[in-house]
Amino acid sequence: MGALAEPPQDSSADGVILIKDMAEWQKHWDQTAPYNKLLVYEFYEKNSSLCKAMDKPFEKLATQYKGRADFCKLDVDNFELLARICGVEGAYPTFVLFKKCAQVGKVVGLKEDDLERIVQRAIIS
């Protein structure tokens, strides 16, 4: 039997989801990743002004695509191994997109237009 098109219930938060540790990440992944919902992870450094500059655009996308995508923030200090697995190489913010358990895109840096474009493309695919 193939993956279901949608999660059994809407797992969207009202905005950006702040994931604090691997146990929380694993629970969210297990509830969302096998389905047709897009997961957008922002790997960030908490003291980075570049990361803070993307907060508003990231929140805007989370609101715009509510129900079709989950937008999650991951402090790289707490997710070093996951960041390496996802190909994050020390430039923050780095946005990594997943759909149906597969990585479908990555955007590095302050590239709001690129992020929106890749999110739109991933949602319709």
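**Burial, pairing and packing in a predicted model**

Q: Why does C101 count as partly exposed?
A: In this predicted model, C101 has a relative accessibility of 43%. Partly exposed lies between the 20% and 50% cut-offs. C101 therefore falls in the partly exposed class.

Q: What makes C72 buried?
A: The relative accessible area of C72 is 0%. Buried means under 20%, so C72 qualifies.

Q: How many disulfides does a search of the whole structure find?
A: The search returns 0. A pair of cysteine sulfur atoms would have to lie within 2.5 Å to count. With 0 disulfides found, no such pair is present.

Q: What is the order of the elements from the N terminus on?
A: The order is β-α-β-α-α-β-α-β-β-α. In total there are 5 helices and 5 strands.

Q: How much of the protein counts as buried?
A: The share is 45% of the 125 residues. Those residues are called buried because each has under 20% relative accessible area. About 6,800 Å² of the protein is exposed, with carbon and sulfur atoms supplying 51% of that area.

Q: What share of the contacts with a separation of 6 or more comes from residues 24 or more positions apart?
A: Such residues account for 69% of these contacts.

Q: Why is β2 called mostly covered?
A: Of its 7 residues, 7 are buried. One side carries L38, V40, E42 and Y44, and the other carries L39, Y41 and F43. Both faces of β2 are covered.

Q: What makes E42 buried?
A: E42 sits in strand β2, residues 38–44. Its relative accessible area is 0%. The cut-off for buried is under 20%, so E42 meets it.

Q: How do you know which side chain joins that of E42 in a polar contact?
A: The side chains of E42 and K73 come to 3.1 Å. The limit for a pair of N or O atoms is 3.5 Å, so the pair is within it.

Q: Which residues is E42 in contact with, leaving aside neighbours within four places in sequence?
A: The set is C51, F58, C72, K73, L74, P93, T94 and F95. Each is called a contact because heavy atoms lie within 4.5 Å.

Q: What joins β2 to β3, and how do the two strands run?
A: The two strands share 7 bridges and run parallel. Pairing needs at least two bridges, so β2 and β3 pair. One bridge partner is D70 in β3, set against L39.

Q: How many bridges join β2 to β4, and how do the strands run?
A: There are 6 bridges, and the strands run antiparallel. The threshold is at least two, so these strands pair as well. In β4, F95 stands opposite E42.

Q: What joins β4 to β5?
A: An antiparallel arrangement with 6 bridges joins them. At least two are needed, so β4 and β5 pair. K106 in β5 stands opposite V96. The hairpin has 2 residues between the strands, and K100 takes a positive phi near 50°.

Q: How do you know that the span of α5 is close to the one expected?
A: Helix α5, residues 112–124, has 13 residues. From first C-alpha to last, α5 reaches 19 Å, against 18 Å expected at 1.5 Å a residue.

Q: Which residues of α5 are buried, and what do they pack against?
A: L115, E116, I118, V119, A122 and I123 are buried. The buried residues of α5 pack against β2, α3, β3, β4 and β5.

Technical notes:
Residues are numbered from 1 along each chain as its sequence is written. This is a predicted model: local features need pLDDT of at least 70, side-chain atom pairs count only at pLDDT 80 or more; totals for chains, interfaces and linings use all residues. Side-chain values use heavy atoms; hydrogens and water are left out. Buried means under 20% relative accessible area, exposed over 50%, partly exposed in between (1.4 Å probe, protein chains only). Helices (H or I, at least four residues) and strands (E, at least two) are DSSP runs, numbered from the N terminus. Accessible areas come from the Shrake-Rupley method with a 1.4 Å probe; for residues, only the protein chains shown count as cover. A polar contact is a pair of N or O atoms within 3.5 Å; within protein, one must be able to donate a hydrogen and the other to accept it, and residues adjacent in sequence count only if both atoms are side-chain atoms. The expected span of a helix is 1.5 Å times one less than its number of residues.
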